[in-house]
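Colleague: Can you walk me through this model? I'd like to start with the aromatic contacts.

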Amino acid sequence: MLRVVCRRVLNVRSAEVVTGTRLILPGVRSKLNGLAVKHDGAHITTTAVAAGADNSILKWALLLIPAATFGLGTWQVQRRKWKLQLIKELKERTHSDPQPLPLDPLELKELEYRRVRVRGRFDHSKELYIMPRSRVDSDKEKQEAGRLISSTETGANVVTPFNCSDLGVRILVNRGFVPRTRVKPETRSKGQITEEVELVGVVRLTETRKPFTPQNDVMKNCWHYRDLEAMAQAADTELIFIDADLESTVPGGPIGGQTRVTLRNEHLQYILTWYGLCAATSYMWFQKFVRKIPV
């Protein structure tokens, strides 16, 4: 009997060696299973806590998106108010009562778009041409607003040296617009007035070249932007530039009033965009984290 038991034990040991398994008594196995269950439960609990923490961080991090877009929309509201006020001030300046032209450069710098009055004679021998330009006509622009194709004719603004008899200085005056076919002075000889005149104009400062704008060609007398220093040197004048008003127009001459007072005001579009994003992301956040609906 003892031999049989020993043989069975040896057979079991051999099976463990061959198969790589371990013999565990039923009682011990149940205890080990209990420990395994307890271990698995602790692991599950730890994982759930970590997942909950990650979800909470994600929840509040995503809330920054609607908060940021709301802030940007509110900022654009303030920017729009500032832009509308600036446009209003510029229009008031261009319609204010004309004042004598000051010669102090610092005072002139504060008077851009202000109307001034001067008296003197034009020197047509040194005309400058800012081109290409389209005529500023507010009534026509309102009629064509929204059209895909504009009928605006292109040409040039004629800038002429003006000898101020009352101030004893020589300045630059933008007499106004001429079509491309009448850029040359001989095509508009009737408008080349030689007598002394009094005119009202708007003070303009030098202009910085914008991206993609060609360089001014001094040799060909083709100016693409208002470089006051270079233009004054070419025409032998002071660093003073004014746009003559519409009333200065004479038959056959350039059409005055070519001061374009327009500022880009697209802030309303930005306001709608940012507030729209705020509303959309707020709705998605509410559905995801409050109503627990997958989005």
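Modeller: Here is a short run through ring pairs, a surface patch, charges over rings and strand pairing.

Modeller: This is a predicted model, where local features need pLDDT of at least 70, side-chain atom pairs count only at pLDDT 80 or more, and totals for chains, interfaces and linings use all residues. Residues are numbered from 1 along each chain as its sequence is written, and side-chain values use heavy atoms, with hydrogens and water left out.

Colleague: How many aromatic pairs are there?

Modeller: The count is 4. Rings of Phe, Tyr and Trp (its six-membered ring) pair if their centres lie within 6.5 Å; planes under 30 degrees apart are stacked, over 60 edge-to-face, the rest tilted. Tryptophan 60 and tryptophan 285 have ring centres 6.2 Å apart and planes at 45°, so that pair is tilted.

Colleague: Which helices hold tryptophan 60 and tryptophan 285?

Modeller: Tryptophan 60 is in helix H2 and tryptophan 285 in helix H7 (residues 267-289), so the pair ties together parts 225 residues apart in sequence. Helices (H or I, at least four residues) and strands (E, at least two) are DSSP runs, numbered from the N terminus. Ring pairs link Trp60, Trp285 and Phe289 into a cluster.

Colleague: Is tryptophan 285 buried or exposed?

Modeller: Tryptophan 285 is buried, at 16% relative accessible area. Tryptophan 60 is partly exposed, at 48%. Buried means under 20%, exposed over 50%, partly exposed in between (1.4 Å probe, protein chains only).

Colleague: What about the surface? Which residues form the nonpolar patch?

Modeller: Leu58, Leu62 and Ile65 do, with about 240 Å² of accessible area together. Areas come from Shrake-Rupley with a 1.4 Å probe; for residues, only the protein chains shown count as cover. Patch residues have over 30% relative accessible area and no salt bridge (side-chain nitrogen of Lys or Arg within 4 Å of a carboxyl oxygen of Asp or Glu). Like charges are joined within 9 Å, nonpolar side chains (Val, Leu, Ile, Met, Phe, Trp, Tyr) within 5 Å. Leucine 62 is in helix H2 (residues 26-62) and is partly exposed, at 34%.

Colleague: New topic. Where does the charged end of arginine 175 sit?

Modeller: Over the ring of phenylalanine 122, 4.9 Å from its centre. The rule: NZ of Lys or CZ of Arg within 6 Å of the ring centre and within 35 degrees of the ring normal. Arginine 226 lies over the face of phenylalanine 241, at 5.7 Å.

Colleague: And strand S6, why is it largely enclosed?

Modeller: Because 7 of the 8 residues of S6 (residues 197-204) are buried. S6 pairs antiparallel with S2 (residues 115-122) over 6 bridges. Two strands pair if DSSP finds at least two bridges between them. Another 4 bridges join S6 to S8 (residues 241-244), also antiparallel. Arginine 204 stands opposite phenylalanine 241 in S8.
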